[in-house]
Amino acid sequence: SAKPAAKDTGAYDLRTKAKVAQKAPFKVTVKKGEKYYICTCGHSKKQPFCDGSHKEVNQAEGLNFKSMLYTAEEDKDVYFCGCKQSNKMPMCDGTHKTL
(Lines give C-alpha, C1' and ligand atoms only; values in the text may rest on other atoms or scores of the structure.)
Protein backbone atom coordinates (compact mmCIF):
# COMPACT_ATOMS: atom_id res chain seq x y z
CA SER A 1 0.00 0.00 0.00
CA ALA A 2 1.14 3.53 -0.72
CA LYS A 3 2.46 5.58 2.16
CA PRO A 4 0.72 8.89 2.79
CA ALA A 5 2.66 11.90 1.56
CA ALA A 6 4.94 13.53 4.12
CA LYS A 7 3.25 16.35 5.95
CA ASP A 8 4.37 19.86 4.97
CA THR A 9 6.45 21.19 7.87
CA GLY A 10 6.03 24.85 6.92
CA ALA A 11 5.66 27.62 9.49
CA TYR A 12 1.86 27.37 9.62
CA ASP A 13 1.93 23.77 10.85
CA LEU A 14 3.83 25.06 13.89
CA ARG A 15 0.88 27.13 15.09
CA THR A 16 -0.23 24.37 17.44
CA LYS A 17 3.20 24.52 19.13
CA ALA A 18 3.22 28.33 19.44
CA LYS A 19 2.75 30.04 22.77
CA VAL A 20 -0.32 32.30 22.88
CA ALA A 21 1.27 35.69 23.58
CA GLN A 22 -2.14 37.31 24.13
CA LYS A 23 -5.75 36.65 23.14
CA ALA A 24 -6.03 39.93 21.23
CA PRO A 25 -4.21 41.55 18.31
CA PHE A 26 -1.32 43.99 18.63
CA LYS A 27 -2.19 47.34 17.02
CA VAL A 28 0.90 48.81 15.35
CA THR A 29 1.27 51.96 13.26
CA VAL A 30 3.49 50.93 10.35
CA LYS A 31 5.39 53.16 7.94
CA LYS A 32 5.44 52.64 4.17
CA GLY A 33 8.49 50.68 3.02
CA GLU A 34 9.54 49.67 6.56
CA LYS A 35 10.26 45.99 7.22
CA TYR A 36 8.92 44.36 10.38
CA TYR A 37 9.95 40.92 11.64
CA ILE A 38 6.95 39.37 13.37
CA CYS A 39 7.15 36.71 16.09
CA THR A 40 5.50 33.40 15.17
CA CYS A 41 6.54 31.32 18.20
CA GLY A 42 4.90 33.49 20.88
CA HIS A 43 7.99 33.58 23.12
CA SER A 44 9.39 36.99 22.11
CA LYS A 45 9.61 39.55 24.91
CA LYS A 46 9.09 42.32 22.29
CA GLN A 47 5.66 41.27 20.96
CA PRO A 48 4.53 41.33 18.26
CA PHE A 49 8.09 41.59 16.99
CA CYS A 50 10.72 38.85 16.89
CA ASP A 51 13.56 39.05 19.42
CA GLY A 52 15.21 35.76 18.40
CA SER A 53 13.58 33.69 21.18
CA HIS A 54 12.52 31.10 18.57
CA LYS A 55 16.13 29.94 18.26
CA GLU A 56 16.16 28.71 21.87
CA VAL A 57 12.65 27.23 21.53
CA ASN A 58 13.66 25.45 18.30
CA GLN A 59 16.76 23.96 19.89
CA ALA A 60 14.95 22.87 23.07
CA GLU A 61 11.89 21.44 21.34
CA GLY A 62 13.22 20.35 17.93
CA LEU A 63 11.03 22.83 16.06
CA ASN A 64 11.71 25.25 13.19
CA PHE A 65 10.02 28.53 14.07
CA LYS A 66 11.17 31.55 12.06
CA SER A 67 10.22 35.20 12.18
CA MET A 68 7.81 36.38 9.50
CA LEU A 69 8.74 39.40 7.41
CA TYR A 70 6.05 42.05 6.91
CA THR A 71 6.77 45.03 4.64
CA ALA A 72 4.37 47.95 5.01
CA GLU A 73 2.79 49.05 1.72
CA GLU A 74 1.51 52.30 3.24
CA ASP A 75 1.45 54.29 6.47
CA LYS A 76 -1.43 52.83 8.48
CA ASP A 77 -2.52 51.01 11.61
CA VAL A 78 -2.40 47.22 11.32
CA TYR A 79 -3.40 44.45 13.71
CA PHE A 80 -0.73 41.79 14.10
CA CYS A 81 -1.79 38.41 15.49
CA GLY A 82 -1.25 38.05 19.25
CA CYS A 83 -2.35 34.43 19.67
CA LYS A 84 -0.05 33.07 16.92
CA GLN A 85 -2.92 30.85 15.65
CA SER A 86 -4.20 33.10 12.81
CA ASN A 87 -4.82 31.60 9.40
CA LYS A 88 -3.65 34.93 7.94
CA MET A 89 -0.35 35.36 9.78
CA PRO A 90 1.09 37.78 10.56
CA MET A 91 -2.29 39.56 10.65
CA CYS A 92 -5.08 38.91 13.13
CA ASP A 93 -8.05 37.01 11.71
CA GLY A 94 -10.08 36.74 14.92
CA THR A 95 -8.96 33.19 15.78
CA HIS A 96 -8.12 34.35 19.34
CA LYS A 97 -11.87 34.59 20.02
CA THR A 98 -12.12 30.79 19.77
CA LEU A 99 -9.26 29.99 22.18
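The second largest cavity in this predicted model holds about 40 Å³ of space. It is one of three cavities of 30 Å³ or more in the structure. Its lining includes Cys-39, Thr-40 and Cys-41, together with Ser-44. Cys-50, Asp-51, Gly-52, Ser-53 and His-54 also line this cavity, as do Lys-66 and Ser-67. By class, three of the lining residues are nonpolar, six are polar and two are charged.

Strand E2 covers residues 35-38. In a regular strand the side chains alternate between the two faces of the sheet. In E2, Tyr-36 and Ile-38 form the covered face, while Lys-35 and Tyr-37 form the uncovered one. E2 runs antiparallel to strand E3, and four bridges join the two. Within this pair, Ile-38 stands opposite Met-68 of E3.

The largest nonpolar core has 13 residues. Val-30, Tyr-36, Ile-38, Tyr-70, Val-78 and Phe-80 touch the most other members. The strands below each supply at least two residues of this core.

| Strand | Residues |
|---|---|
| E1 | 26-30 |
| E2 | 35-38 |
| E3 | 68-71 |
| E4 | 76-80 |

E1 gives the most to this core, with three residues. Apart from this core lies another one, of seven residues, among them Ala-18, Cys-39, Val-57 and Phe-65. Cys-39 also lines the second largest cavity.

Leaving out residues up to four places away in sequence, Phe-80 touches Pro-25, Phe-26, Val-28 and Val-30, as well as Ile-38 and Pro-48. Tyr-70, Pro-90, Met-91 and Cys-92 are also touched by Phe-80.

Definitions and conventions: Residues are numbered from 1 along each chain as its sequence is written. This is a predicted model: local features need pLDDT of at least 70, side-chain atom pairs count only at pLDDT 80 or more; totals for chains, interfaces and linings use all residues. Side-chain values use heavy atoms; hydrogens and water are left out. Buried means under 20% relative accessible area, exposed over 50%, partly exposed in between (1.4 Å probe, protein chains only). Two strands pair if DSSP finds at least two bridges between them. On a 1 Å grid over the protein atoms alone, a cavity is a set of points where a 1.4 Å probe fits but cannot get out, and a pocket is an open set with protein on both sides within 12 Å along at least five of seven lines; lining residues have an atom within 4 Å of a point. Grid points are joined across faces, edges and corners, and a volume is the space filled by probe spheres set on the points. Ala, Val, Leu, Ile, Met, Phe, Trp, Tyr, Cys and Pro count as nonpolar, Asp, Glu, Lys and Arg as charged, and the others, Gly among them, as polar. A nonpolar core is a set of buried Ala, Val, Leu, Ile, Met, Phe, Trp, Tyr and Cys residues joined through side-chain atoms within 4.5 Å. Contact means heavy atoms within 4.5 Å.
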